[in-house]
Number of protein chains: 2
Amino acid sequence: MAGMTETPHTWFANHAATLERATEAIKDRGYWSAYPESPSPRVYGETAAAEGEAAFRGYLDAKFPLDQPGITDWVATERSPFGVPLLVSYPHVDPATLISSATAALPAWRDAGPQTRAGVCMEILSRLHAHIFELANAVQFTSGQAFVMAFQAGGAHALDRALEALAYAYAEMTRHPATAGWEKPAGKGDPLRMTKTFHVVPRGVALVIGCNTFPTWNSYPGLFASLVTGNPVVVKPHPGAVLPLAITVRYARAVLEEAGFDPNLVQLAAEAPGEGLAKTLALDPAVRIIDFTGSTEFGDWLETNARQAAVYTEKAGVNTIVVDSTDDFAGMCRNIGFSLTLYSGQMCTTPQNILVPAAGIETDQGHKTFDEVAAGIAATVAKLTGDPARAVELTGAIVNDGVLARLSEVVGVGDAVLPSSEVTHPSFAEATVRTPTVVKLTAADAAVYGREWFGPISFVIATDSTAASIDIFRSTVLEKGALTAAAYSTSEPILAAVETASLDAGVHLSCNLTGGVFVNQSAAFSDFHATGANPAANAALTDGAYVSNRFRVVQSRRHTTA
Amino acid sequence: MAGMTETPHTWFANHAATLERATEAIKDRGYWSAYPESPSPRVYGETAAAEGEAAFRGYLDAKFPLDQPGITDWVATERSPFGVPLLVSYPHVDPATLISSATAALPAWRDAGPQTRAGVCMEILSRLHAHIFELANAVQFTSGQAFVMAFQAGGAHALDRALEALAYAYAEMTRHPATAGWEKPAGKGDPLRMTKTFHVVPRGVALVIGCNTFPTWNSYPGLFASLVTGNPVVVKPHPGAVLPLAITVRYARAVLEEAGFDPNLVQLAAEAPGEGLAKTLALDPAVRIIDFTGSTEFGDWLETNARQAAVYTEKAGVNTIVVDSTDDFAGMCRNIGFSLTLYSGQMCTTPQNILVPAAGIETDQGHKTFDEVAAGIAATVAKLTGDPARAVELTGAIVNDGVLARLSEVVGVGDAVLPSSEVTHPSFAEATVRTPTVVKLTAADAAVYGREWFGPISFVIATDSTAASIDIFRSTVLEKGALTAAAYSTSEPILAAVETASLDAGVHLSCNLTGGVFVNQSAAFSDFHATGANPAANAALTDGAYVSNRFRVVQSRRHTTA
């Protein structure tokens, strides 16, 4: 162990260039990625995919290898959208033990300082990257994402978002020096000389509450922002997507232990069915930071009740597209249709409301009626999902029964230009696969389109005019929130008006996407995810506000002695 | 007006060097000040003092010149601690009008962008600085501070703190570019190229709730941090200290108007007696930021009830000194005694609990008993307050009846090593002046020393040992909060133990102050005021967390066209 105590310092040096590059990237916001998004053997080696899948299979039907203190029993709560039996059991720990173990781990981690903590956190990311195929399989089979998406969003992009949060947090912790000299002139006498020390002090125990659809991508920023700023982290996964975070906790604990720190700085809080563990933990006075992704109902509950904590929430929203005109009708339909199809519309960023003037729009193909616009988008979806083998690589599987229930509910609320259909997965016969439905509505149907229909459900809504579309866009987002918005127009004044509405409503806007960039995708280090300025989220991933409240600066000062 | 529209741009250039220097100062945290703290004619000119006093006198017994919309009547609520009749009437505006006027002013201010806003805010500071003697008189006669302190804390230091907050906010708004190019490689095809625009979007209307003792110093950071980030500000002064903020609002509005902006970006919300205007405004859905300095009771109320807003509070606390040993007994007693005397202990940073081992301490003058330590501190206070003419230049006057009530209440709770006494002010016969009392207690008297006794009341508390003192320090601050802490010891291990306790309790620590730096004074750009890590305040003046949540970044993106 004696040689081991130097390890964290080596890690910081090892990863310093990456951290520095990430710090530049969050400043200039150009393209950059630290973790290749292609699962190709040319990038990751010939054996990586098979090894990762084998590691994933090794977890199934067994107790997950996690040596946390205070295990009372084991829980298995996951059911794969692909119909694959998982049967992984996770340690179930008394909440009080989770909190006391975390609290006991805090002082040494606090006193280690920003640089050592950053080195350890960077090393954790590095180890997770080494196990990216294992993570991708775990994400795929718990969330229902298709493999490539699970690899990208659940692996490479999640790691990029983690690194982004780390870079912000490290910059924030080190924007002040650790010590400073202060010398104030005092007339003809000697100046007053003080030496000042500035300590970064964590808030307390941090709680990360994961979601079912993006267990790593949505959890990593909060997890690493809290951890690097000195807070022990309790990770409470969604009962339906435990494995990706259990794997994360496993490798994080190994790194912490190797560095000579208490591994209880990162703990898994798996819960028994119906236990309500998130509520219990969220109300513990020692819990001072909470990151949550999930329903508006529970997010609002956390904001209202967990008053002792800084609470960061991402909740439901009504993502909107304003269609005014286009000089690339085919590209527009392709782009929108792809966005609706990806992961069966189960992204928090998938468009739901597509606002189109009832009188139709002008395009490079001439005037298109409202019905032609709706049909054009629907045709793309139909084409992308026509062949089951290709379809499932885009749609993945349906994450849970709530989505199926909404698909039933939406039948009959409007005129379905494209109905949802069942698809038999060529590889997983028990998988629950549904194609997206596209439903026509009118502006009068606000009771329908004015709330979130999470899943493969979108509405093409006939409005009086583009001006009316913009009004509906603004008011819907102000009231219900949104994570994304898009606009299609050949008119700069119209685009400017939509942009002003997006500032009023506080939502990010994508204009005239017709190629390989989609409104539901955001690029780490460049695009912000959510704004914190509308009801869909009270914070953005990632900006200064997301990290600066996770620690405090406590200073001491004394006379300078020569 | 045509020529006028260029003005804000000129202002930014005029003040750019100062803003840049401030930005350096908050990074390196050495000594710097933008506004000279000496009221000497050599600094400010021969006529400045007289002109400022005349301007102040010109406000008395008259309607304050403020042209806000929606004035319903006029209110006069101030009573000077110096017994000087003030009789200034302020416009009284319907709260709904304040909010609607502020809301209407927002879009143009938002769209002006960070640089223009910073230029305007810097110009406001410049104008306030040009009227610093006027402000100093207003602070003196409303707060009860002696003139020099009112000039420094209420004028120069308040402006420095405002500039510090501006510098943090400007840095935060401009850490991302306004636009960025993004180019992602796409295999053998053309790269994906996007142009991204990042807008700074304010939260909404900001409310600043001032206090009686430091109407400008405690209000300026929030006021300018909110304003420069695009939020219209409603300034609700304490009914006992309206004039300093009315003057501030007056000059701010003049600058805004000159720049072509709606002056309602800064409005005064003077209230009628018993109106409870702060509560009404705080619960308005349009109010999205609140800065408050005052009682724990109202601060907690705001945090609990103004859920739509980001709430920054500075509340009561129990400031503590741990006395273990010293190599400069005389210097220690002088330093502590001065801290207790300054503004009659009516600073939120004044020490209250002085923890001394019952067995006494080791000093450069040999062993000193507990009683000798208490007597040494009391002797300094007695000496500083012995001569009325000199005393009042330190103590100023008693701000309100609450302080007098506590002075009565404290009689008899312990053994007064120094009683409070009345002093007749040589210049203002009606002034309410009281000297500080120093009371001996034991560690068992937690019911007395465990809460804040705001005013000229301090306790020297006999503890079992320095270790016991540190425990009391830690537990009292964790429970009741503190803005300042100090320690005296010749032992590095003891100082380290106190520093660890200060990290645990989240309070800034000053060690072995024996010269011209006092625990109750913090220097802008170098010392943080409050930490946000204990119950005395939920934020620090000023750090990244104080500014980063006052705005959001909303982005738009589109394909890059060649």
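## Worked exercises on a predicted two-chain model

At 31% relative accessibility, A:Ala497 counts as partly exposed. The model is a predicted one, and the exercises below move from single residues to whole chains and then to the pair of copies.

**Exercise 1. Place A:Ala497 in chain A, and state which class its accessibility gives.**

Step 1. A:Ala497 belongs to helix α17, which covers residues 492-505 of chain A.
Step 2. The partly exposed class lies between the buried limit of under 20% and the exposed limit of over 50%, and A:Ala497, at 31% relative accessibility, therefore counts as partly exposed.
Step 3. A:Ala467 is 30 residues away from A:Ala497 along the chain, and their C-alpha atoms are separated by 8.7 Å.

**Exercise 2. Describe A:Ala96, and work out how far its C-alpha atom is from that of A:Val323.**

Step 1. The helix that contains A:Ala96 is α4, made up of residues 95-130 of chain A.
Step 2. With a relative accessibility of 48%, A:Ala96 counts as partly exposed.
Step 3. A:Ala96 and A:Val323 are 227 residues apart along the chain, and a separation of 53 Å is found between their C-alpha atoms.

**Exercise 3. Two residues of chain A that are not glycines have a positive phi; locate A:Asp61 and A:Leu87.**

Step 1. For A:Asp61, phi is about 55 degrees, a positive value although the residue is not a glycine.
Step 2. A:Asp61 sits in the loop that runs between α3 (48-59) and β1 (71-75) of chain A, and, since its relative accessibility is 60%, it counts as exposed.
Step 3. A:Leu87, which is not a glycine, has a positive phi of about 55 degrees, and the loop in which A:Leu87 lies is the one between β1 and β2 (90-93) of chain A.

**Exercise 4. Find the surroundings of B:Asp73: which residues does it contact, leaving aside neighbours within four places in sequence?**

Step 1. In chain B, strand β1 (residues 71-75) includes B:Asp73.
Step 2. The relative accessibility of B:Asp73 is 33%, so this residue counts as partly exposed.
Step 3. Once neighbours within four places in sequence are left aside, the contacts of B:Asp73 are with B:Tyr90, B:Pro91 and B:His92.
Step 4. B:Ala272 is 199 residues from B:Asp73 along the chain, and the C-alpha atoms of these two residues are separated by 9.5 Å.

**Exercise 5. Do the same for B:Pro388, and say which residues it touches when those up to four places away are not counted.**

Step 1. B:Pro388 is part of helix α13, residues 388-395 of chain B, and at 34% relative accessibility B:Pro388 counts as partly exposed.
Step 2. Not counting residues up to four places away in sequence, B:Pro388 touches B:Val423, B:Thr424 and B:Pro426.
Step 3. Taking B:Thr424 from that list, its C-alpha atom is separated by 6.9 Å from that of B:Pro388, with their positions 36 residues apart along the chain.

**Exercise 6. Give the geometry of the peptide bond between Leu541 and Thr542 in chain A and in chain B.**

Step 1. In chain A, the bond joining A:Leu541 and A:Thr542 is a cis peptide bond, with omega about -15 degrees.
Step 2. A:Thr542 is in the loop between β20 (509-511) and α18 (544-548) of chain A.
Step 3. In chain B, the bond from B:Leu541 to B:Thr542 is cis, and omega is near -15 degrees; B:Thr542 lies in the loop between β20 (509-511) and α18 (544-548) of chain B.

**Exercise 7. Does the radius of gyration of chain A agree or disagree with that of a compact globule?**

Step 1. A compact globule of 562 residues would have a radius of gyration near 24 Å, and the 25 Å of chain A agrees with this.
Step 2. The C-alpha trace of chain A spans about 80 × 70 × 50 Å along its principal axes, and the chain has 18 helices and 21 strands.
Step 3. Of the 562 residues in chain A, 62% are buried.

**Exercise 8. Explain how chains A and B are related.**

Step 1. Chain B is superposed on chain A by a rotation of 180 degrees with 0.0 Å of shift along the axis, at an RMSD of 0.0 Å.
Step 2. The two copies are thus related as by a two-fold rotation axis.
Step 3. Among the residues of chain B, B:Ala545 comes closest to the rotation axis, its C-alpha atom being at 3.3 Å.
Step 4. Because 99% of the interface residues of chain B are also interface residues in chain A, the copies meet through the same surface.

Methods
Residues numbered from 1 in each chain as written. Chains lettered and ligands numbered in written order. Predicted model: local features only at pLDDT ≥ 70, side-chain atom pairs only at ≥ 80, totals over all residues. Heavy atoms only, no water. Helix = DSSP H or I, 4+ residues; strand = E, 2+ residues; numbered from the N terminus. Rg over C-alpha atoms; globule rule 2.2 N^0.38 Å. Buried < 20%, exposed > 50% of the residue type's maximum accessible area, 1.4 Å probe, protein only. Least-squares fit on C-alpha atoms with pLDDT ≥ 70 in both. Contact = heavy atoms within 4.5 Å.
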